[in-house]
Amino acid sequence: MKQFILYMLLAISVFCFFSCDLFVTPIFSSERDFGDSLDEYSTTEIIDNIKKFPSDPKSASDLLTELSERCDEASEKGENLCDSLSLEEKEAVLTGVVSSTIPVSTVADYIDETSSNTESEFSYEEFADVLIDSGALLDNTSIIEVLLSDAEVLDNADAYSIMLSATSLVASAMKKQKDTSDKSVSDLLSSIKVATQADVSGSGSFTDALVAEGFAPEIAAAINISYQVTTYLTENRGDETNEVSLLGLNMGDFLDDFFGIEKEETGSTPEGS
């Protein structure tokens, strides 16, 4: 019953979040419209339609990959693709990130299991394991990294979109690192906390510390962006981020635990846990 209620609440949330875009004329009506044909459309057209796929991770991921490739091309020319985007367009991309990577049904199953089973206790580390193992692996995250480093986004975009996009980015990066090493998620999380301590103590940068722990430089850089986003939001938009939750789980508390960031406890674990 709890699981049914979780799914119903999620469905209502998704409908409300995406309802403002129901009247956008889609340029993609099926998977046949993807692939080589994407280069026929402008960046604005792709972004206008990215919210059409809140329940289609593969399609949303294809659009994000296309945007990331355009982001790379612009960067090679010394340009920033996101400079020409409105805040609304930037938020639309971040929303696409969430819909293409967060394994909602698996997350709901885990939360329901730990909430209803007295022998199974909720654990942030286990939750991270669920996200990393079940979430999507994004091949190119350039557009996400640029947006999560954008001052306008960090100061004005919807806190929910920012935090879940940061979660998506770090989960995808961790999945990539796990697949190329012999370390468990627990070991990788320990390394992240070592990097956080190095940054907090001033003994080294977060990224350099992760590389020293065996992380690939590009993966360490991606994780660092999520770390910087988490610390920035905690310091500057704490009241808003304390209200961000995924199926009852306070995402601010989760990210703080993930990175080993110490702060006054204001959030909560999922209801019933």
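A residue is called buried when its relative accessible area is under 20%, exposed when the area is over 50%, and partly exposed in between, with a 1.4 Å probe and protein chains only. The model is predicted, so local features need pLDDT of at least 70, side-chain atom pairs count only at pLDDT 80 or more, and totals for chains, interfaces and linings use all residues. Residues are numbered from 1 along each chain as its sequence is written, and side-chain values use heavy atoms, with hydrogens and water left out.

**Exercise 1.** Find the salt-bridge partner of Lys90, and decide whether Asp150 is buried or exposed.

*Solution.* A salt bridge is a side-chain nitrogen of Lys or Arg within 4 Å of a carboxyl oxygen of Asp or Glu. Lys90 meets Asp150 in such a bridge, at 3.0 Å from N to O. Asp150 lies in the loop between helix 7 (142-147) and helix 8 (151-156), while Lys90 belongs to helix 4 (residues 87-101), so the pair ties together parts that are 60 residues apart in sequence. Helices here are DSSP runs (H or I, at least four residues), numbered from the N terminus. Asp150 counts as buried at 11% relative accessibility, and Lys90 is buried at 4%. Finally, a network of salt bridges links Lys90, Asp150 and Glu152.

**Exercise 2.** Work out where in the chain Arg70 and Glu66 lie.

*Solution.* The closest N and O atoms of Arg70 and Glu66 are 2.8 Å apart, in a salt bridge. Both residues lie in helix 3 (residues 57-76), four residues apart, about one turn of the helix. Arg70 is buried at 13% relative accessibility, and Glu66 is buried with a relative accessible area of 13%.

Terms used: Helices (H or I, at least four residues) and strands (E, at least two) are DSSP runs, numbered from the N terminus.
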